[in-house]
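Welcome to a short set of exercises on reading a protein structure. Take each task in turn, try it yourself, and then follow the worked steps.

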Amino acid sequence: MKDLYLIGAVSGVEDYKQRFQEALIKLIKKGYIVTSPTVFCNERWSWAESMKACIKVLITKKAVAVIEPIENSKGAQLELTIARAFGMEIKTVEEWVGEIK
């Protein structure tokens, strides 16, 4: 069973909580274990504090699920760069959900 970390845009996205929650539910229904930064990050933290917490968790994973689009998200791009550097398996949420296990 894959243990996935969710990557998605947060800053400047009004409905980011809903987007992360929907992705979380879809993936859990398909049998994945999912870690969402919206669960462990505090909204009162600065961007840097949030990213430090995210990176600490991200580097413990072997695979990530990307909530698109992330092109304009500095934090999501940073997480994706780290995931690539660590050789993690990277797919969009839709790709993971469509996969037959």
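**Exercise 1. Is D3 buried, partly exposed or exposed?**

Step 1. Start with how the model was made and numbered. The model is predicted, so to speak, by computation: local features need pLDDT of at least 70, side-chain atom pairs count only at pLDDT 80 or more, and totals for chains, interfaces and linings use all residues. Residues are numbered from 1 along each chain as its sequence is written, and side-chain values use heavy atoms, with hydrogens and water left out.

Step 2. Recall the cut-offs: buried means under 20% relative accessible area, exposed means over 50%, and partly exposed is in between (1.4 Å probe, protein chains only).

Step 3. D3 has a relative accessible area of 30%, so D3 is partly exposed.

**Exercise 2. Find the salt-bridge partner of D3 and say which parts of the chain the pair ties together.**

Step 1. Begin with the general idea: side chains of opposite charge can pair when their charged atoms come close. A salt bridge here is a side-chain nitrogen of Lys or Arg within 4 Å of a carboxyl oxygen of Asp or Glu.

Step 2. The side chain of D3 forms a salt bridge with that of K61, at 3.1 Å from N to O. K61 lies in the loop between helix 3 (47–58) and strand 3 (63–67), while D3 is in strand 1 (residues 3–8), so the pair ties together parts that are 58 residues apart in sequence. Helices (H or I, at least four residues) and strands (E, at least two) are DSSP runs, numbered from the N terminus.

Step 3. Check the accessibility of the partner: K61 has a value of 14%, so K61 counts as buried.

**Exercise 3. How many salt bridges does the rule give, and which residues are linked in a network?**

Step 1. The count comes to four salt bridges.

Step 2. One of them joins E43 and K17, at 2.4 Å from N to O. This pair links distant parts of the chain: E43 sits in the loop between helix 2 (37–40) and helix 3, and K17 in helix 1 (residues 16–29), 26 residues apart. E43 is exposed at 56%, whereas K17 is partly exposed at 47%.

Step 3. Another joins E89 and K91, at 3.5 Å from N to O. E89 is partly exposed at 29%, but K91 is buried at 18%.

Step 4. For the network, add one residue: K2, E89 and K91 are linked by salt bridges.

**Exercise 4. Work out the order of the strands in the sheet.**

Step 1. Strands of a sheet pair through backbone hydrogen bonds, either parallel or antiparallel. Two strands count as paired if DSSP finds at least two bridges between them.

Step 2. Collect the pairings. Strand 1 has three bridges to strand 2, and the two run parallel; L4 stands opposite V34 in strand 2. Strand 1 is also parallel to strand 3, with five bridges; Y5 has V64 as its bridge partner there, and I7 stands opposite V66. Strand 3 is joined to strand 4 (residues 89–92) by four bridges, again parallel, and V64 is partnered by I90.

Step 3. Put these together: the four strands form an open sheet in the order 2-1-3-4. The edge strands are strand 2 (33–35) and strand 4, each pairing on one side only.

Step 4. Look at strand 1 again: five of its six residues are buried, so strand 1 is largely enclosed by the rest of the structure.

**Exercise 5. Describe the aromatic pair.**

Step 1. Rings of Phe, Tyr and Trp (its six-membered ring) pair if their centres lie within 6.5 Å; planes under 30 degrees apart count as stacked, over 60 as edge-to-face and the rest as tilted.

Step 2. The whole structure holds one aromatic pair. Y32 and W96 are 5.5 Å apart, centre to centre, with 75° between the planes, which is edge-to-face.

Step 3. Place the rings: Y32 is in the loop between helix 1 and strand 2, and W96 is in helix 5 (residues 93–98), 64 residues apart. Both Y32 and W96 are buried.
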